[in-house]
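Reader: I am in my first year and would like a close look at a single part of this structure, explained slowly. Could you take me through one helix and then through what surrounds the bound strand?

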Amino acid sequence: MTAPVSTVRGTTGKIAGVRVRFCPSPTGNPHVGLIRTCLFNWAFARHHGGTFVFRIEDTDAARDSQESYEQLLDSLRWLGMDWDEGPGIGGPHAPYRQSERRHIYRDVVQRLVAGGHLYESYSTPDEVEARHKAAGRDPKLGYDNHDRDLSPEQREAFRAQGRDPVLRLRMPDTDLSWDDVVRGPVTFAAGSVPDFVVVRGNGEPLYTLVNPVDDALMEITHVLRGEDLLPSTPRQIALYLALIDIGVAKAVPEFGHLPYVMGEGNKKLSKRDPHASLLMYRQSGYLPEGLLNYLALLGWSIAEDRDIFSVAEMVEAFDGRRVSVNPARFDPKKCEVINATHLRALPVDDFAHRLLAFLDAGSVDLGLSGWLGDERRALVMAAAPLVQERVQTLSEAELMIGFLLVHDDSFELNEKDAAKHLGADAAPVLAAAIAALELLGEWTVPAIEEALRIALIDGLGLKPRVAFGPLRVAATGAAVSPPLFESLQLLGSHRALTRLRAAFGRADSVG
RNA sequence: GCCCUCAUCGUCUAGUGGCCCAGGACGCCGCCCUUUCACGGCGGUAGCGCGGGUUCGAAUCCCGCUGGGGGUACCA
């Protein structure tokens with residue numbers, strides 16, 4: 001067993017001095033699996049009153065991008081996952097972008113070499129394989145530690161051939177074990193992990209080096225990361241041991257491997273899966289708290305009979321002990337429902353303002369977004385309560401109240417609904433409704449409802465659904481809408497009657 | 001091949017030897033409410049991969065098998 005860092009839980013169950021980190025590579029756009037990992041780290045830090053470090057692993061210039069970097073920061077801010085050290089705010093271990101830390105790695109590498117932990121290796125994969133074959137071993141065994149004890153003369157000879165050596169870490173000849181925070185004890189037998197490359201032939205340090213070095217320097221106490229990194233843990237521990245030896249690290253951190261987030265089939269959720277894109281959720285009008293709630297459910301549970309909770313409640317409960325070992329499938333449907341639950345739980349006023357902000361941001365283009373006059377803002381505020389229980393996301397809300405916001409000359413009927421509800425049969429219904437509404441003294445919901453019931457239900461003897469269907473399509477453009485009388489009221493008598501007359505004209509001409 | 005890891009309803013999960021002929025949630029199916037669509041209410045559907053042990057007793061512990069996933073890179 002490696003020497004564990006102090007993880008004494010006090011009487012409150014809290015661990016003192018927790019320092020965790022989130023260290024993504026800025027490649028592509030942020031996906032939900034990545035954010036889930038971030039959330040668990042963040043919640044763990046907040047729960048224990050520790051420090052959340054945000055570090056950018058941008059050592060791969062070919063794949064990293066500034067755009068991706070900014071999306072990452074923007075996403076975390078949107079979700080409310082604040083960091084105590086990292087980009088934008090600095091900290092005692094700055095800089096927090098690996099691209100700015102190269103001199104640090106250079107120094108550590110030199111000390112590691114001086115300490116005998118790293119050695120130059122010249123073997124090519126072909127040579128390794130040839131040696132395995134010659135010895136009657138499985139050729140796919142991997143590097144055979146052949147160059148461990150090359151003499152200065154041998155190294156000189158390779159150099160003379162123009163070969164640039166990689167640097168490998170000399171693995172200890174003992175079993176490598178750790179007590180995984182989520183999985184319990186894990187052991188890799190001595191000799192099962194070959195000496196691995198930490199610095200390329202061209203002098204570039206690899207992830208295998210920089211990640212543990214930064215964790216050590218930043219005094220990270222708990223590494224919570226994806227299950228895919230579990231097999232690299234013995235190597236990290238070995239490197240840590242070397243870092244402790246040269247005085248760079250104080251202790252080996254605790255490791256915890258979080259289950260995968262799966263997509264369709266038995267595959268890890270792919271970055272290319274449309275459901276994986278965090279940006280997509282934001283643009284679709286998901287709430288941060290809804291998304292966070294669902295993401296938390298991917299590999300964690302707060303209690304037996306409960307799956308709706310706030311971020312604060314999660315932080316209160318997230319001590320790292322209820323994390324599941326099983327991979328979790330991302331279920332877009334459930335994600336949507338969880339979001340809808342949070343949406344409905346919002347105070348109406350809050351909901352209305354978020355909807356307004358969403359419309360102002362112009363996430364969905366209805367030909368009216370990005371700009372809202374005072375009159376329209378008032379309509380949104382008034383319509384918000386009508387749609388809050390009918391939608392799952394803000395973009396659905398936008399679609400549902402679009403009929404109110406759209407300019408009258410670009411108002412259009414849903415053709416399918418119009419064909420169904422505005423046929424010849426609808427003409428007398430519309431005519432009666434128009435006649436009744438034209439006489440209306442005050443344009444209020446009760447007055448509108450009463451007038452229409454008298455004219456259509458009592459007067460024409462129609463069933464409500466038959467009577468109101470055509471009006472709904474005529475006024476809102478679709479068979480699915482907010483409640484009819486309220487919709488008519490919000491539209492105002494002029495706009496409402498104009499639409500009803502237009503629909504009448506259409507229905508009448510069909511007959 | 002070798003190493004690591006996982007295995008409860010379709011899906012996410014609760015469950016750490018008796019409270020479980022397995023609980024919750026999503027989905028799905030009925031019914032109620034109803035001016036559309038929703039919300040809400042009520043009810044239902046469906047699961048411990050297989051085989052051996054251990055034990056008075058196993059979803060829970062052990063072994064094997066099967067199946068899935070990951071690693072075995074001068075990717076992260």
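Author: Just after helix H1 comes Gly49, whose phi is positive, near 70 degrees; please keep in mind that this is a predicted model. Helix H1 itself covers residues 32-47, and because each residue should add 1.5 Å, its 16 residues are expected to span 22 Å, which agrees with the 22 Å between its end C-alpha atoms. Of those 16 residues 14 are buried, so H1 is largely enclosed by the rest of the structure.

Turning to the RNA, we find 55 residues around strand B, and the closest of them are Arg200, Asp307, Asn326, Glu389 and Arg472. Sorted by class, this surface has 23 nonpolar, nine polar and 23 charged residues. Several elements each supply at least two residues to the surface, among them strand E6 (184-188), helix H11 (332-345) and helix H18 (464-476).

On the RNA side, 74% of the strand B atoms within 4 Å of the protein belong to sugar or phosphate, while the rest belong to bases. The protein backbone takes part in contacts with each of these portions: a backbone N or O atom of Arg329 lies 3.4 Å from a phosphate oxygen of RNA strand B, a polar backbone atom of Glu389 is 2.4 Å from a sugar or linking oxygen, and a polar backbone atom of Ser481 is 2.7 Å from a base nitrogen.

Terms used:
Residues are numbered from 1 along each chain as its sequence is written. Chains are lettered from A and ligands numbered from 1 in the order in which they are written. This is a predicted model: local features need pLDDT of at least 70, side-chain atom pairs count only at pLDDT 80 or more; totals for chains, interfaces and linings use all residues. Side-chain values use heavy atoms; hydrogens and water are left out. A residue is near a molecule or strand if one of its heavy atoms lies within 4 Å of it. A polar contact is a pair of N or O atoms within 3.5 Å; within protein, one must be able to donate a hydrogen and the other to accept it, and residues adjacent in sequence count only if both atoms are side-chain atoms. Helices (H or I, at least four residues) and strands (E, at least two) are DSSP runs, numbered from the N terminus. Ala, Val, Leu, Ile, Met, Phe, Trp, Tyr, Cys and Pro count as nonpolar, Asp, Glu, Lys and Arg as charged, and the others, Gly among them, as polar. The expected span of a helix is 1.5 Å times one less than its number of residues. Buried means under 20% relative accessible area, exposed over 50%, partly exposed in between (1.4 Å probe, protein chains only).
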